[in-house]
Amino acid sequence: FLEMVDAKKKVHTTAGDYDAMRQKIEAALVPKKRRKKESVDTAQILQYETELERLRTEQEANQKQLASVLDQTHQKKETKLLKLMLELLELQYDYHEKAFKLLTNLRPKMIDLQEQLNESCKESSDVKEGHLNLKSSSMTGAEWQKYWFVLKEGMLYCYSSKGKKDAAFEPLNILYTTTRIPPKVPKGQFLFEIVTPDKRKPLILQADSAPERNDWVKCIQNAIEQQLNQNEPAVSITQNETLVYNILSKVQGNNNCADCGAPSPDWASINLGILVCLDCSGVHRNLGTHITKVRSTVLDTRAWEPHLVKLMKHIG
């Protein structure tokens with residue numbers, strides 16, 4: 001920077017000297033007060049011209065030096081700017097590299113936390129409540145009555161209104177039920193059914209909107225699946241491996257597969273209350289556990305609790 005200031009100063013100085021010398025030459029050629037017979041001093045004019053030429057050469061040299069200093073300054077500035085940009089990029093790279101390593105180490109914990117959040121959300125969503133219209137049959141015909149339904153801890157409760165504990169009917173164990181949307185629904189009615197072995201006819205319920213109806217069906221299906229998955233099937237075979245099969249096979253209608261009619265079925269759909277063969281049990285698995293939960297009557301004997309056997313006998 002100092003070199004640039006010095007070179008610029010020299011350019012201004014030589015420019016001033018050059019202008020002053022040119023003015024002297026002009027003054028010598030046209031004097032203000034010159035006698036008629038007095039002639040121009042050619043020697044002095046020549047001296048002035050020589051000095052003027054020297055100043056012109058010096059001015060050109062100073063201008064070249066100033067241009068060179070300016071180029072060097074620009075190059076230094078560009079180099080310094082590039083150096084600063086490179087340092088900034090290095091800092092950014094180090095920052096993001098450390099952040100990537102940190103997030104990579106945190107990834108397993110993030111996955112665990114997400115699973116915990118999903119589990120807590122699922123647990124919090126286990127409780128579903130709201131108004132539903134229940135279709136009831138009477139002497140005068142079908143009637144709709146509004147009740148307050150609560151789905152909680154695998155049980156479906158029905159109350160006359162919100163906040164009251166006067167049950168309209170006995171709570172339903174959701175494990176022994178299944179839900180579905182009727183294939184033919186009148187326009188403007190958002191119906192769904194709950195099928196239970198305790199009642200001859202399914203419960204016909206009506207929601208206020210299609211999203212509300214779908215939410216109830218989904219919550220009931222999730223509750224059924226959760227209840228069915230609470231007891232994991234046993235891996236080993238017990239000594240009484242044929243006890244459940246012997247009990248259920250004696251029930252009328254269980255000597256053949258409920259789907260294809262194959263003899264001696266040994267797989268059960270515990271929420272539908274039927275026995276199916278090995279091939280049909282695979283089809284049931286593909287339907288999803290919220291629709292049908294299959295279990296072997298021979299291999300899964302540890303998972304057959306007394307109430308499940310009783311339910312199968314009751315339905316079958």
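**Cores, a small sheet and a surface patch**

User: Which residues have the most contacts inside the largest nonpolar core?
Analyst: Keep in mind that this is a predicted model. Its largest nonpolar core counts 21 residues. The ones with the most contacts inside that core are F149, L151, L156, F192, I194, W216 and I220.

User: And which element gives the most to this core?
Analyst: Quite a few elements chip in: β1 (128–138), β2 (141–152), β3 (155–159), β6 (190–195), β7 (203–207) and α3 (210–228) each supply at least two residues. The top contributor, with six residues, is α3.

User: How many residues are in the second, separate core?
Analyst: That core includes I270, W304, L311 and M312. Its residue count is 12.

User: Why is one side of β9 and of β10 left without a neighbour in the sheet?
Analyst: The open sheet has three strands, antiparallel, in the order β9-β8-β10. β9 (274–276) and β10 (294–296) stand at the edges, so one side of each lacks a neighbour there, as each has a single partner strand.

User: By how much are neighbouring strands of this sheet turned against each other on average?
Analyst: Take the angle between neighbours with direction ignored. On average it comes to 35°.

User: Which residue in β10 does S269 stand opposite?
Analyst: β8 (residues 267–269) pairs with β10 in the antiparallel sense, over three bridges. Across from S269 in β10 you'll find V294.

User: What accessible area do L102, L103, L106 and M110 have together?
Analyst: These four form a nonpolar patch on the surface, and L103 sits in helix α2 (residues 42–124). Together their accessible area is about 360 Å².

Technical notes. Residues are numbered from 1 along each chain as its sequence is written. This is a predicted model: local features need pLDDT of at least 70, side-chain atom pairs count only at pLDDT 80 or more; totals for chains, interfaces and linings use all residues. Side-chain values use heavy atoms; hydrogens and water are left out. Patches are made of residues with over 30% relative accessible area and no salt bridge: like charges are joined within 9 Å, nonpolar side chains (Val, Leu, Ile, Met, Phe, Trp, Tyr) within 5 Å. Accessible areas come from the Shrake-Rupley method with a 1.4 Å probe; for residues, only the protein chains shown count as cover. A salt bridge is a side-chain nitrogen of Lys or Arg within 4 Å of a carboxyl oxygen of Asp or Glu. Helices (H or I, at least four residues) and strands (E, at least two) are DSSP runs, numbered from the N terminus. A nonpolar core is a set of buried Ala, Val, Leu, Ile, Met, Phe, Trp, Tyr and Cys residues joined through side-chain atoms within 4.5 Å. Buried means under 20% relative accessible area, exposed over 50%, partly exposed in between (1.4 Å probe, protein chains only). Two strands pair if DSSP finds at least two bridges between them. Axes are lines fitted to C-alpha atoms, for helices over the stretch in contact, and angles run from 0 to 180 degrees between N-to-C directions.
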